[in-house]
Amino acid sequence: ARRWLSEAAHYYRAADQWFLGQMLLDLTPVLLMLGAETEAAAHAVEALAIARQLRSQSLIAQALNELGEIARYQGRDQEAE
């Protein structure tokens with residue numbers, strides 16, 4: 001996870017928003033598996049904001065999917081749906 005955080009910092013510096021959004025989404029399930037639900041949700045929400053700013057339908061769909069997975073993991077099945 002530390003390597004990914006280092007790469008994310010690089011993308012922040014490089015201002016490559018699409019790759020930053022993708023990196024945040026890649027890290028989200030890892031954080032969730034580690035029990036860091038709050039951080040996982042924050043990453044997915046930030047990725048969704050980036051995706052909407054870029055109008056990237058694929059990133060938007062991935063971010064919404066990750067948010068749904070987090071809700072499902074937390075037992076909020078109706079919200080996950």
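## Exercises on a five-helix protein

In this predicted model, among the contacts between residues at least 6 apart in sequence, 43% join residues at least 24 apart.

**Exercise 1.** Determine how many helices and strands the protein has, and decide how its radius of gyration relates to the globule rule.

*Solution.* Begin with the secondary structure, where the count gives five helices and zero strands, so that reading along the sequence yields the pattern α-α-α-α-α. Next, take the radius of gyration, which is 12 Å and lies close to the 12 Å given by the globule rule for 81 residues, so the protein is as compact as a globular protein of that length. Then consider the extent of the C-alpha trace, which spans about 40 × 30 × 15 Å along its principal axes. Finally, turn to burial, where a residue counts as buried under 20% relative accessible area, and 33% of the 81 residues meet this condition.

**Exercise 2.** Work out how helix α2 is oriented relative to helix α3, and describe the residues that make their contact.

*Solution.* First locate the two elements, α2 at residues 17-33 and α3 at residues 37-54, whose axes come within 8 Å and cross at roughly 155°. Since angles over 145 degrees count as roughly antiparallel, this crossing makes α2 roughly antiparallel to α3. The handedness of the crossing is left-handed. Then look at the contact itself, to which α2 contributes residues including W18, L24, L27 and L31, while α3 contributes, among them, A40, H43, A47 and I50. Sorted by class, the contact of α2 with α3 has 12 nonpolar, four polar and three charged residues.

**Exercise 3.** Carry out the analysis for α2 and helix α4, and state whether they are roughly parallel or antiparallel.

*Solution.* Start again from the geometry, in which α2 and α4, the latter at residues 57-73, pack at an angle of about 15° with their axes 10 Å apart. Because angles under 35 degrees count as roughly parallel, this angle makes α2 roughly parallel to α4. The crossing of α2 and α4 is left-handed. In the contact one finds W18, G21, Q22, L25, T28, P29 and L32 on the side of α2, and S58, L59, Q62, A63, E66, E69, I70 and Y73 on the side of α4. As a last step, divide these residues by class, which gives eight nonpolar, five polar and two charged residues.

Terms used: Residues are numbered from 1 along each chain as its sequence is written. This is a predicted model: local features need pLDDT of at least 70, side-chain atom pairs count only at pLDDT 80 or more; totals for chains, interfaces and linings use all residues. Side-chain values use heavy atoms; hydrogens and water are left out. Axes are lines fitted to C-alpha atoms, for helices over the stretch in contact, and angles run from 0 to 180 degrees between N-to-C directions. Helices (H or I, at least four residues) and strands (E, at least two) are DSSP runs, numbered from the N terminus. Angles under 35 degrees count as roughly parallel, over 145 as roughly antiparallel, 65 to 115 as roughly perpendicular and the rest as oblique. A crossing is left-handed if the near helix is turned anticlockwise from the far one by less than a right angle, and right-handed if clockwise. Contact means heavy atoms within 4.5 Å. Ala, Val, Leu, Ile, Met, Phe, Trp, Tyr, Cys and Pro count as nonpolar, Asp, Glu, Lys and Arg as charged, and the others, Gly among them, as polar. The radius of gyration is taken over C-alpha atoms; the globule rule is 2.2 Å times the number of residues to the power 0.38. Buried means under 20% relative accessible area, exposed over 50%, partly exposed in between (1.4 Å probe, protein chains only).
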